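Q: I'd like to learn how to read a model like this one, feature by feature. Can we go through it together?
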Amino acid sequence: MKKLLLLVAFALVGTLSAGENALVLPAPTKTGGMPLNEALANRHSSRDFAADKEFTLQQLSDLLWAASGINREDGRMTAPTASNSQEIDLYVALPAGVYFYNRAGNTLDLLVAGDVRKNTGGQPFVGQGTVEIILVANLDKLKGADAMKRDLAYIDSGYVSQNLYLFAASANLNSVVRAMVPREALAQTLGLNANQIITVVQTVGFPK
Ligand SMILES: Cc1cc2nc3c(=O)[nH]c(=O)nc-3n(C[C@H](O)[C@H](O)[C@H](O)COP(=O)(O)O)c2cc1C
């Protein structure tokens, strides 16, 4: 209830900056962009990022909607999930903190204050002017046999990752998906439970 009131207050005031409890995202851009075949032709991993640029809220909204935002009235998303389980949560590490992407509300809800981007990996480019999108599979949300759940979670993560790659290609951003992630330490930082597994982290940023 308190969170809801905060969101309503923020929405009314309309002036949000990083570091507050919730960032109200502008509506995502659902038209235009690069033709799909050109985006496919441009899709690649890059580990070169400009260190001094920050994303606008519009860019974040567009990026996250492309990743796995809602694209239909019934709440289904740009990325498919097994039995429509919608178990892949996006934890977005920005300079001010780690935010939970609330796709229904189109908000970023602050989970952990402070810059933990560099804690999402050991490679030198990590957290330097980038947004680090941590894909967390909530196995409790996954429908189906327990023995299949991890496999399904990793498959579903792949669609989100490819959406991010294609959006990055289309928007002239650089990106790389990373499986080399300090999962245990990061899970602790994010306060995850045993059924919430970090599948991959995707780095997105501006080219140098
Ligand atoms: C599941 C998966 C895990 C990956 N993990 C890492 C990683 O930890 N660090 C990294 O720099 N690149 C990582 N990559 C990126 C691959 O190295 C890259 O996709 C591959 O070299 C092919 O290059 P391309 O994406 O430009 O086609 C990963 C890619 C995939 C699909």
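Q: How do the residues lining the largest pocket divide into nonpolar, polar and charged?
A: Keep in mind that we're reading a predicted model. You sort each lining residue by its class, and here the lining of the largest pocket comes out as 9 nonpolar, 7 polar and 2 charged residues.

Q: What volume does the largest pocket have, and which residues lie nearest its centre?
A: The volume is about 420 Å³. Of the 18 lining residues, Gly32, Trp65, Ala66, Phe167 and Ser170 lie nearest the centre. Helix H2 (36-42), helix H3 (57-68) and helix H4 (146-170) are the elements that give two or more residues to this lining.

Q: Which of them gives the most to the lining?
A: That's H4, with 4 residues.

Q: Now the ligand. Which residues are around it?
A: For a shell like this, you look for residues with a heavy atom within 4 Å of the ligand. Here that gives Arg43, His44, Ser45, Arg47 and Gln123, plus the run Val176, Val177, Arg178, Ala179 and Met180. By class, this shell holds 4 nonpolar, 3 polar and 3 charged residues.

Q: Which side chains have polar atoms close enough to the ligand to count as polar contacts?
A: The cut-off is a pair of N or O atoms within 3.5 Å. Arg43 has a polar side-chain atom 2.7 Å from a ligand oxygen, and for Ser45 the distance from such an atom to an oxygen of the ligand is 2.5 Å. Gln123 pairs with a nitrogen instead: an N or O atom of its side chain is 2.8 Å from that ligand atom. As for cover, the ligand has 610 Å² of accessible area on its own, and the protein covers 53% of it.

Q: How many aromatic pairs are there, and what describes one?
A: In general, you give the distance of the ring centres and the angle of the planes. The count here is 3 aromatic pairs. One of them is Phe49 with Phe125, a tilted pair at 5.8 Å centre to centre with 40° between the planes. This pair links distant parts of the chain, 76 residues apart: Phe49 sits in the loop between H2 and H3, and Phe125 in the loop between strand S4 (107-113) and strand S5 (130-138).

Q: Last one: where in the chain are Gln86 and Asn106, and what is phi at each?
A: Check the sign of phi and whether the residue is a glycine. Gln86 isn't one, yet its phi is positive, about 50°; its place is the loop between H3 and strand S2 (88-94). Asn106, also a residue other than glycine, has a positive phi near 50° and belongs to the loop between strand S3 (97-102) and S4.

Key:
Residues numbered from 1 in each chain as written. Predicted model: local features only at pLDDT ≥ 70, side-chain atom pairs only at ≥ 80, totals over all residues. Heavy atoms only, no water. Polar contact = N/O pair within 3.5 Å; in protein donor to acceptor, adjacent residues only side chain to side chain. Areas by Shrake-Rupley, 256 points an atom, 1.4 Å probe, with all protein chains shown as cover. Nonpolar A, V, L, I, M, F, W, Y, C, P; charged D, E, K, R; others polar. 1 Å grid on protein atoms, 1.4 Å probe; cavity = no way out; pocket = protein on both sides within 12 Å on 5 of 7 lines; lining within 4 Å. Points joined across faces, edges and corners; volume = space filled by probe spheres on them. Phe/Tyr/Trp six-rings, centres within 6.5 Å; stacked < 30°, edge-to-face > 60°.
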